[in-house]
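Colleague: Please take one charged side chain in this model and go through its surroundings closely. After that, I would like to see how the picture continues from there.

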Amino acid sequence: MVYPSTSEAWRRYASTGALDARLLRPPILRAWERAHAQGASPHQLRAEQLSDENLARLLREKSALIQAARPYMRALSRAAGEHRHAAMLGDERALVLDVVGDDASIRGPESVPGPGALLSEAVSGANGIGTPLAEGTYSELIGPEHFISGFHPFTCQGVPLIGPESQVVGVLSISMRSPTAATRLRDILVCAGHGIEAELLRVQLEEDIRQVLEATPGDDTALENLRQDLMQLHATARLRLQGAAALLGHYRDENALRLLQVAQSTAREFQLRARMFQELAGSELGAARAVELHEQVRQLLALLSTESRIRAVDVFSEHLTPCTVEADPRRLARQLLSRLLHAFELAEGGGSVRVRLLPVGGAGRVTISAQPAPGRPREPVSFTLELPLRGALT
């Protein structure tokens with residue numbers, strides 16, 4: 001809910017240039033202070049616009065981000081239903097790249113800013129594109145909380161988008177005429193943001209695996225199987241989000257909210273597994289650093305969950321004691337993968353694999369034990385990997 005004093009705060013600032021901290025929510029006050037310091041004008045009616053030539057260049061440069069975001073923007077638009085709305089995508093400089101919404105919001109006399117609009121706080125003040133980038137987190141602006149009067153009819157929410165290299169690559173926003181309708185879209189906006197980030201990561205992973213296979217031709221069956229599992233997990237997250245969006249577009253019920261929560265959880269799981277896959281697929285080894293060994297073991301077991309089901313192997317993790325070791329994460333991931341896959345081969349067809357992690361002396365010890373299936377002419381086998389604990393070498 002917007003503070004009753006917000007309209008008065010805007011009127012006072014527009015007429016005198018005075019900012020009163022008592023009249024604005026803290027994040028809005030910070031945004032107005034930044035806009036004021038950078039010379040933005042509250043009397044601006046519309047956003048400034050790139051030239052046609054510069055816009056065409058921008059859209060070419062950002063085509064991968066636009067393509068990755070489009071399915072999630074459509075899902076966000078579907079969740080808005082019949083309410084006046086526009087899902088908007090901006091780049092890391094707050095330049096609008098794409099807009100999806102109802103016809104009146106896109107092309108009507110009071111339409112939202114389109115591709116090429118400059119929505120940084122320095123140019124357009126507090127708004128649903130520039131403010132999330134400046135704050136570095138989810139931001140919401142209702143009516144006169146926007147810095148310039150042309151945006152006052154809208155309620156805007158936005159989230160920054162983080163790329164595969166952990167850098168800000170853009171922002172996803174939704175603008176609506178109804179503050180009440182906007183409230184129910186917050187969760188799906190955040191979920192769609194995670195979906196776009198997962199899509200960008202998927203594209204990067206595809207390129208990573210292509211380079212690995214080209215550089216080291218041969219039998220990379222295990223790596224390819226892991227890649228396919230990841231792509232299936234990504235597709236599942238996307239389908240769940242689209243299903244939740246379709247339900248939310250008509251009514252907000254427990255099934256829609258539950259499906260949305262599952263979609264977000266699946267997208268996050270994909271991102272965790274994808275980071276582990278990057279450690280496995282990368283070609284360069286690095287220097288030793290602090291590694292949370294228990295987390296790496298847990299993520300690798302999650303990454304191999306489909307492989308264990310295919311091989312009919314029961315996997316048990318026991319005593320995964322929190323343990324920080326000194327290791328090259330990529331080398332360590334490959335060592336663990338090799339030992340786990342070997343254990344799966346020995347236990348295939350009804351056997352079991354047990355993984356235990358305990359600090360022993362000055363080392364973190366991972367023990368992987370393979371128990372063959374009953375009746376198989378194989379002996380139980382155990383593999384042990386020890387790494388120095390963080391600080392043990394000093």
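Modeller: Let's take Glu 199, which is buried at a relative accessible area of 9%. Here buried means under 20% relative accessible area, exposed means over 50%, and partly exposed is in between, with a 1.4 Å probe and protein chains only. This is a predicted model, so local features need pLDDT of at least 70 and side-chain atom pairs count only at pLDDT 80 or more, while totals for chains, interfaces and linings use all residues. Residues are numbered from 1 along each chain as its sequence is written, and side-chain values use heavy atoms, with hydrogens and water left out.

Glu 199 has a charged partner: it forms a salt bridge with Arg 202, at 2.8 Å from N to O. The term stands for a side-chain nitrogen of Lys or Arg within 4 Å of a carboxyl oxygen of Asp or Glu. Both residues sit in helix H9 (residues 186-215), three residues apart, which is about one turn of the helix. Elsewhere, salt bridges with shared partners tie Glu 8, Arg 11, Arg 12, Asp 20 and Arg 22 into one network. Helices (H or I, at least four residues) and strands (E, at least two) are DSSP runs, numbered from the N terminus.

Within that network, the closest N and O atoms of Arg 12 and Asp 20 are 3.1 Å apart. Arg 12 is partly exposed at 29% relative accessible area, whereas Asp 20 is buried at 13%. Another pair to look at is Glu 145 with Arg 25, a salt bridge with its closest N and O atoms 2.8 Å apart. This one links distant parts of the chain, 120 residues apart: Glu 145 is in the loop between strands S5 (139-142) and S6 (155-162), and Arg 25 is in the loop between helices H1 (6-16) and H2 (26-37). Both ends are buried, Glu 145 with a relative accessible area of 1% and Arg 25 with 17%. The model has 21 salt bridges by this rule.

Back at Glu 199, there is a pocket to consider. The largest pocket has a volume of about 260 Å³. Thirteen residues line it, and those closest to its centre are Ala 64, Ala 68, Glu 199, Leu 200 and Val 203. Helix H4 (63-80) and H9 are the elements that give two or more residues to this lining. By type, the lining holds eight nonpolar, two polar and three charged residues. Ala, Val, Leu, Ile, Met, Phe, Trp, Tyr, Cys and Pro count as nonpolar, Asp, Glu, Lys and Arg as charged, and the others, Gly among them, as polar. A pocket is an open set of points on a 1 Å grid over the protein atoms alone, where a 1.4 Å probe fits, with protein on both sides within 12 Å along at least five of seven lines; lining residues have an atom within 4 Å of a point. Points are joined across faces, edges and corners, and the volume is the space filled by probe spheres set on them.

Now for the nonpolar cores, each a set of buried Ala, Val, Leu, Ile, Met, Phe, Trp, Tyr and Cys residues joined through side-chain atoms within 4.5 Å. The largest has 38 residues, and Phe 270 and Leu 293 touch the most other members. Its main contributor is helix H14 (residues 329-347), with nine residues. A separate core of 36 residues includes Leu 65, Ala 192, Ile 196 and Leu 200. Leu 200 is thus a name you have already met, among the residues closest to the centre of the largest pocket.

Two backbone details are also worth a look. Ala 94 has a positive phi of about 70° although it is not a glycine; it lies in the loop between strands S2 (85-91) and S3 (96-101), and is buried at 2%. Ser 166 has a positive phi of about 65°, again without being a glycine, and lies in the loop between S6 and strand S7 (168-176). Ser 166 is exposed, at 59%.

For the wider setting, the protein has 14 helices and 13 strands, and 51% of its 394 residues are buried.
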